[in-house]
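Trainee: Could you pick a single part of this model and give me a close look at it? After that, I'd like to hear how the rest fits around that part.

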2 protein chains.
Amino acid sequence: MTQLDLPAETGAAETSAAPRLGRKRDHSRDPEILDAAIEILAETGYEGMTIEMVAGRAKAGKATLYRRWPSKAELVLDAVACMKRGDLEAPLPDTGTLRGDLIAMIKPRSIAEAEKKLQVMAGLASMLSRSPELADTAYATLVEPRANINRALFQRAVDRGEITGDHDLETLAVVSSAMASYRLLMLRKPVDREFLISIIDGVVLPALGLPAGEGETAGAGEAAGRRRQG
Amino acid sequence: MTQLDLPAETGAAETSAAPRLGRKRDHSRDPEILDAAIEILAETGYEGMTIEMVAGRAKAGKATLYRRWPSKAELVLDAVACMKRGDLEAPLPDTGTLRGDLIAMIKPRSIAEAEKKLQVMAGLASMLSRSPELADTAYATLVEPRANINRALFQRAVDRGEITGDHDLETLAVVSSAMASYRLLMLRKPVDREFLISIIDGVVLPALGLPAGEGETAGAGEAAGRRRQG
DNA sequence: TATATACGGAACTCGGCAGTTTCGGAACCT
DNA sequence: AGGTTCCGAAACTGCCGAGTTCCGTATATA
């Protein structure tokens, strides 16, 4: 996906195997440039981002960027597609309870990563309806992985009999993401550990018919739902 | 908020009371121009919108727009601030149950209105972090009214003893908005009546300790949560 | 060593948009 | 009527960013 103009390594049957002499392209710069693009994208959005900003932050020349990507649109597409997966690839927690697993997913690193992803999504928002390819890439990189994790945690809870399978797990798997993005982008309030716990205990677990956590709400103290009814 | 350069009606002590002769400004055009701006905004976003597009759609001249608003930024600010409240000002439904009230709020008009508001929000997304004033205005017009309605419905449910007050009502009042915006902007799926009912029955009501609707789910048939446990 | 390419940096072209001005015509006031 | 201001349309200015080209230098092959 990253390199585009290698001599003739793929498909090309005719005039193959160009010897490719001269200085070689330094592909170790690609990630630095793409990271710079993601940063600028999160800070200023697609329209506010300029190629010169990206080149400047990556300490590269503008021509270097155009040697590797044919246009701003393709650079952004590649940057989003290659965005680091961070610790989402870490092994899933297995605490024995759904609540424990969900709480264990709340780590400073993953909060910061989710926040950056949401900022990038906000920066791309007005482009998504004009570029289906970008929309698909952004979905696959920024939205789907987090939902997949929750789906897996829910499925394990079903397997061990903690919850029944007749809930709308597909919807509940994205509740926390939806609430986080709404809070950050619409309400413009911080998405911190306390907020995420209040979503788990006040929305997700009650919707699954489970009680909220008993007295281990990490010093939050109030707000979180604690119902005892019937 | 709309008119800006009236002669000297406010503050100005010196050289007051300009007689204002000549043809008068046709203020009946203001709403048409602002509506056109909202449409373009929803379609192309803030950066993609041009003054000429707005003038063209409103069948007005570009100079006419600049006679009324000093800049594109102020035009957009005014357009968002003056965005029609639609039927959100209609009297609240009062069906006697929280679920009935929530379902009664789902009308084709309000769905379409919410969809346009979300498109506008998406078009403004990358600007919100650069213009706090725009962010505040967008929040007050596009986000807050809907949450206020849910807050009022919840409060009435508390008053008549249908639910207890120890839930995180502040969070639950925005769950449906958050899920709708996530579905439309991130998942890029339609926000229809069936989806909104599944949010009410599968997330909001269970989180409040209430059962989902019994057998009157309007032909949806499956998906909606119906738990019976212990 | 000679040639060819990549590099960072800077100058350059080109097109589009914000904002201004001008124009003929229409509406308003005295 | 006569002057003043608004109107829509179009020409115009100034700026900025996408994309290109050129330069001096660094690094590769032959």
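Mentor: Let's settle one word before we start: a residue counts as buried if 20 or more other C-beta atoms lie within 10 Å of its own, and as exposed if 12 or fewer do, with partly exposed in between. Keep in mind, too, that this is a predicted model.

The part I'd pick is α9 of chain A, which spans residues 175–187. By that count, 11 of its 13 residues are buried, so α9(A) is largely enclosed by the rest of the structure. Going along the helix, the buried ones are V175(A), S176(A), S177(A), A178(A), M179(A), A180(A), S181(A), Y182(A) and R183(A), and then L185(A) and M186(A). For chain A as a whole, buried residues make up 37% of the 230.

Now look at what comes right after the helix. R188(A) follows α9(A), and its phi is positive, near 60°. Chain B has a residue to set beside it: R188(B) also has a positive phi near 60°, in a residue other than glycine. R188(B) sits in the loop between α9 (175–187) and α10 (193–207) of chain B. Which exposure class does R188(B) fall into? It counts as partly exposed, because 15 C-beta neighbours lie inside 10 Å.

Next, the partner chain. The contact between the two chains takes 40 residues from chain A and 40 residues from chain B. On the side of chain A that touches chain B, α9(A) gives the largest share, with 8 residues. Several other elements give two or more residues to that side, among them α1 (29–48), α6 (108–128), α7 (132–159) and α10 (193–207) of chain A. By class, that side of chain A holds 20 nonpolar, 14 polar and 6 charged residues.

Of those elements, α1(A) is worth following inwards. Its axis comes within 9 Å of the axis of α4(A), residues 72–81, and the two cross at roughly 105°. The two helices are therefore roughly perpendicular to each other. From α1(A), the residues that meet α4(A) are L34(A), A37(A), I38(A), L41(A) and Y46(A), and they face L75(A), V76(A), D78(A) and A79(A). That contact divides into 8 nonpolar residues, no polar ones and 1 charged.

Let's step back to the whole chain. Chain A comes to 10 helices and 0 strands, so to speak a run of α-α-α-α-α-α-α-α-α-α along the sequence. Of its contacts with a separation of 6 or more, 57% link residues 24 or more positions apart.

Then there's the DNA. Around strand C there are 26 residues, and the ones that come nearest are G22(A), R23(A), G61(A), T64(A) and R23(B). The elements giving two or more residues to that surface are α3 of chain A with α2 (51–57) and α3 of chain B. The largest share, 4 residues, comes from α3(A). Strand D is likewise surrounded by 26 residues, the closest being R23(A), G22(B), R23(B), G61(B) and T64(B). For strand D, α3(B) supplies the largest share, 4 residues, while α2 (51–57) and α3 (62–68) of chain A each give at least two. The surface near strand D splits into 8 nonpolar, 6 polar and 12 charged residues, and the surface near strand C has 8 nonpolar, 6 polar and 12 charged.

One more backbone detail belongs with those elements. K59(A) lies in the loop between α2 and α3 of chain A, and its phi is positive, near 50°, in a residue other than glycine. K59(A) is exposed, with 10 other C-beta atoms within 10 Å.

How far should you trust all this? Chain A averages a pLDDT of 87, and 83% of the residues score at least 70. Over residues 1–17 of chain A, though, pLDDT is below 50, and that stretch has 11 contacts in the model beyond near neighbours in sequence. Residues 215–230 of chain A also stay under 50, and the model has 29 contacts for them beyond four places in sequence. Where pLDDT is low, the predicted coordinates should not be read in detail.

So, back to your single part: α9(A) is largely enclosed by the rest of the structure, and α9(A) gives the largest share of the side of chain A that touches chain B.

Conventions: Residues are numbered from 1 along each chain as its sequence is written. Chains are lettered from A and ligands numbered from 1 in the order in which they are written. This is a predicted model: local features need pLDDT of at least 70, side-chain atom pairs count only at pLDDT 80 or more; totals for chains, interfaces and linings use all residues. Two residues are in contact if their C-beta atoms, placed from the backbone, lie within 7 Å. pLDDT is the predictor's confidence in each residue, from 0 to 100. A residue is near a molecule or strand if its C-beta atom, placed from the backbone, lies within 6 Å of it. Ala, Val, Leu, Ile, Met, Phe, Trp, Tyr, Cys and Pro count as nonpolar, Asp, Glu, Lys and Arg as charged, and the others, Gly among them, as polar. Axes are lines fitted to C-alpha atoms, for helices over the stretch in contact, and angles run from 0 to 180 degrees between N-to-C directions. Angles under 35 degrees count as roughly parallel, over 145 as roughly antiparallel, 65 to 115 as roughly perpendicular and the rest as oblique.
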